[in-house]
Amino acid sequence: MTDETDNADRAVDKFTEIILACAVSCIPRGQRKKFSPFWNKELQTLKENRDKAVIGLNLLVSKDLLGCPPVCLNQELEDIFNSPFSHWELEWGIKQFPQRKSVGLDGILPEFLAHLGNEAKRVLLKLINLTWASGIPNMWRKGEIIPILKDCKNPAHLASFRPITLTCVMCKLTEHLIQVLTLSTKPKAIQLFYGDYQLQRTQEATYLGIVLDSRLSWNKQASRVQAVGKTRNELLKRLSGVKWGTTQDLLCTTYKSYIRPAIQYGSELLVTASEAVQNKIETVQNNALRIITGGAFSTPIQTMQIQANVEPLTFGGKWELLS
């Protein structure tokens with residue numbers, strides 16, 4: 001593995017050196033716009049012929065193939081992560097890679113890779129596959145940290161700066177290929193069939209009364225529980241009354257036996273939800289506590305919890321998860 005890593009390091013260093021040498025010799029310096037160095041009529045004719053050939057090639061290749069990398073459903077998961085990148089995947093990755101970004105320690109701009117020729121792209125593809133098989137080169141493990149001053153902050157304090165790390169562009173391109181082609185969460189055009197019936201894509205599903213959304217944010221589940229809790233809280237209002245209402249102990253018993261089990265169902269899953277999502281269900285219990293204790297809207301929640309002997313819902317969910 002050490003020899004393979006050394007080979008990857010030497011290949012990256014040599015490729016970087018060639019790219020920078022070509023950039024120095026071919027890219028004009030200064031403020032002159034629309035300047036093409038060493039350009040003549042012969043080069044213009046070759047460029048026009050090449051453009052015509054590329055247009056003819058694009059007509060033979062489907063737009064779907066050029067728009068996104070091919071997905072093979074029969075390919076095993078292990079093969080997807082271990083197989084080398086193809087030419088089409090590199091072309092698609094360079095096309096989707098963001099331009100006009102800062103350089104890293106290698107001094108290569110994203111525009112350098114975007115304007116590589118076919119032979120240079122084949123070398124770049126071999127280089128990326130070499131690093132994918134042997135290991136990350138040492139240059140790609142390094143980065144330049146640039147401190148950026150935050151808005152309206154005192155530059156005399158270290159906490160007023162936001163660190164930005166600039167890494168090598170080829171490393172970013174390889175990461176982009178890995179994330180998009182193997183770890184992407186974007187839905188792909190995949191058709192699944194159960195017998196002759198085509199399964200429809202959906203963003204949420206209900207299983208055992210739990211609403212599972214595609215991002216596992218639990219927002220739909222919390223909204224559903226909140227609606228159920230509000231409906232059941234109406235029973236407490238009828239039992240409490242204004243002049244003839246029942247005792248506080250009976251209201252607590254009704255809440256703990258009829259309302260709380262409904263809003264606490266599946267609370268183990270909601271432990272991973274955001275605070276805003278969890279607060280949707282907490283408001284149901286808070287409204288029930290105001291009905292039970294007769295507290296005003298400004299009454300502290302903890303005071304009503306102690307008086308009614310009811311713990312917060314988040315405590316119960318965490319306890320059920322641990323047990």
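**A hairpin, a nonpolar patch and a few charged pairs**

In the hairpin built from β5 and β6, just 2 residues sit between the strands, and Leu208 there takes a positive phi near 55°. This comes from a predicted model. The two strands run antiparallel and are joined by 4 bridges. One of the pairings puts Ala205 opposite Leu212 of β6, a strand that covers residues 210–213.

Leu208 and Leu212 turn up again on the surface. Together with Tyr207, Leu216, Tyr265 and Leu269, Leu208 and Leu212 make a nonpolar surface patch of about 620 Å². Leu212 has a relative accessibility of 32%, so it counts as partly exposed.

The hairpin also has a charged link to a helix. Glu204, in strand β5 (residues 204–207), and Lys220, in helix α9 (residues 219–240), are 16 residues apart in sequence, so their pairing ties those two parts together. The contact itself is a salt bridge, with N and O 2.7 Å apart. Both partners are partly exposed: Lys220 has a relative accessible area of 44%, and Glu204 has 36%.

That pair is part of a short list, as the salt bridge count comes to 5. Another of them is local. Arg122 and Glu119 meet through their side chains at 2.6 Å, N to O. Both belong to helix α7 (residues 118–134), and because they are 3 residues apart, about one helical turn separates them. Arg122 is partly exposed at 43% relative accessibility, and Glu119 is likewise partly exposed, at 48%.

A third salt bridge joins Arg260 to Glu311, with the closest N and O atoms 3.2 Å apart. Here the link is between distant parts of the chain: Arg260 is in helix α10 (residues 248–264), while Glu311 sits in the loop between α12 (301–308) and α13 (313–322), 51 residues away. The two ends of this pair have contrasting surroundings. Arg260 is buried, with a relative accessible area of 7%, whereas Glu311 is partly exposed at 40%.

Arg260 also comes up when looking at Glu282, a residue of helix α11 (residues 275–293). Glu282 is buried but has no salt bridge, and the nearest side chain of opposite charge, that of Arg260, is 7.2 Å away. Side chains of opposite charge can pair when their charged atoms come close. A salt bridge needs a side-chain nitrogen within 4 Å of a carboxyl oxygen, so the 7.2 Å between Glu282 and Arg260 does not qualify. Setting aside neighbours within four places in sequence, Glu282 is in contact with Pro312, Leu313 and Thr314.

Stepping back to the whole chain, the fold has 13 helices and 6 strands. Of the 323 residues, 28% are buried. The chain exposes about 22,600 Å², and carbon and sulfur atoms supply 58% of that area. As for how the chain packs against itself, take the contacts between residues at least 6 apart in sequence: 63% of them join residues at least 24 apart.

How values were computed: Residues numbered from 1 in each chain as written. Predicted model: local features only at pLDDT ≥ 70, side-chain atom pairs only at ≥ 80, totals over all residues. Heavy atoms only, no water. Patch = residues over 30% accessible without salt bridge, like charges linked within 9 Å, V, L, I, M, F, W, Y side chains within 5 Å. Areas by Shrake-Rupley, 256 points an atom, 1.4 Å probe, with all protein chains shown as cover. Buried < 20%, exposed > 50% of the residue type's maximum accessible area, 1.4 Å probe, protein only. Lys, Arg positive; Asp, Glu negative; His and termini not counted. Contact = heavy atoms within 4.5 Å. Pairing = 2+ DSSP bridges.
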